[in-house]
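Biologist: Please pick one part of this model and take me through it closely. Keep it brisk, and give the cut-offs as you go.

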Amino acid sequence: MKKNETITLEITGMTAEGNGVGRSGDGMAVFVPLTAVGDIISCRIVKVTKSYAYGIIDRIITPSPDRAESGCPVSEKCGGCTFRHMTYSAELAVKDKLVRDAFLHLGGFSDIPFEDICGSDEDFYRNKAQYPVAEQDGKLICGFYSKRSHRVVAFTDCRLQPKIFGEITEECLKLANEKNIPAYSEENGSGVLRHIYIRRGFRSGETMVCFVVKDKSRLGDLKAISEKISDRFGDVKSVILNVNPNNTNVILGAENITLFGSDEIRDILCGKTITLSPMSFYQVNTAQAEKLYRCGMDYAELTGNETVLDLYCGAGTIGLAFSDKAKKIIGCEIVPEAIENAKRNAELNKVKNAEFYCGDSGELAAKLADEGTVPDIAVIDPPRKGCGKLTLDSLVRMSPAKIVMISCNPATAARDAKYLAENGYLVKKAKAFDLFPKTGHVETVVLMSKVNLNK
């Protein structure tokens, strides 16, 4: 096989990145984006390695029954959506299989009772958007990065986000162009405006607009813009200037300056009032997050007598959701702003049985284990990289009767479950949740029980 060669290919599988997989005549795996299982295509090879190749669609010979119209004019250019060319039932089947395969092949679990995946509304579900800003023909634009690049595809009317996000962003761009505020350049570090970041309470409607800037040189202009934005959009309760002077891919910097309104907005999640700052972690699909957390509560089978350890607790949303049915909640999180939000959320909801501590979850778990803390249930909701070994070892030392894992990465969830299984825990059941329709991400809830509580 050679680069630029054209072959006929049948797509027989899907990867976690959303690429279709077929086998060439000599058996080599060929990965092709924007394909679905059952497609027969004419494929042009664009990259060849010793063991696999990448291709692009030259022509669809026979379309898969799983194919669907994308409904988005930039879906083939933008890097945001992975499965917009497929029916939603096919997308859910792919994601469910990805989770099951991860636990089978990476975790070595062949007999987990998996419940059926929980699907979501497909459009307008996101409560947060982060639009990178660039310049085009001397004017500011923003949209989303093209796949595997930092080239901005100019587009604000994304079907994953509320319509108002696009309206607010377009107004921000118009006003910033009138003020001649330059876009930040990653190449040479010049310019000012890096991102326009919006988050909105799904149930409250309260909206925060955040201008991410390299420095405060245009503070006065951005304050004037914030007043106009708040005048036009009544739901905007907060406008924040976030200063990020670093040459980094990390979007937010450490300094926040309130330009208008409150430092935070509020939303309702699982019946609890939640305060959100720019730095707070909050699941982007509120309706699905409620189903996810309720599944975790069902798995925990709380009676009101349990101490619950909530690791990687963020703004305390999981612990607060559990608080009505638990004796005590202990939350741990490394982000100081998130812990302040968690404490504030507990106060707002008159939750008296929750304590929140700021620090690395592994180090705090180790400290609790050293102190002899023995939670009845541990809830872990780690980042994509999964739990650190110190966290897992500390959980094993504390020996809770149940561990409820909520994971955004099937591979690391399977890895961490395997480690816990090798140290006295049994995977009882699991369920996948689609919190991110049309994208390649999927969440999983896993229940693990201590094999012998007397040891």
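**The sheet and its helices**

Modeller: Phe144 stands opposite Val153 of strand 9. Strand 8 (residues 139-145) pairs with strand 9 in the antiparallel sense, over three bridges. Pairing requires at least two DSSP bridges between two strands. Strands (E, at least two residues) and helices (H or I, at least four) are DSSP runs, numbered from the N terminus.

The model is predicted: local features need pLDDT of at least 70, side-chain atom pairs count only at pLDDT 80 or more, and totals for chains, interfaces and linings use all residues. Numbering starts from 1 along each chain as its sequence is written, and side-chain values use heavy atoms, without hydrogens or water.

Now the whole sheet. It is open, with seven strands in the order 9-8-7-10-11-12-13 and mixed pairing. Strand 9 (152-154) and strand 13 (255-261) are the edges; each has a single partner strand, so one side of each lacks a neighbour in the sheet. From one strand to the next, the twist averages 35° (angles run from 0 to 180 degrees between N-to-C directions; axes are lines fitted to C-alpha atoms, for helices over the stretch in contact).

Helix 2 (residues 163-178) packs on this sheet. It touches strand 7 (128-136), strand 8, strand 10 (193-200), strand 11 (207-213) and strand 12 (236-243). Contact means heavy atoms within 4.5 Å. The direction of helix 2 makes about 150° with that of strand 10. Helix 3 (residues 219-232) lies across strands 11, 12 and 13, at about 45° to strand 13.

The two helices also meet. The axes of helix 2 and helix 3 come within 10 Å and cross at roughly 145°. Helix 2 contributes Ile168, Glu171, Cys172, Leu175 and Ala176 to the contact; helix 3 contributes Ile225, Lys228, Ile229 and Arg232.
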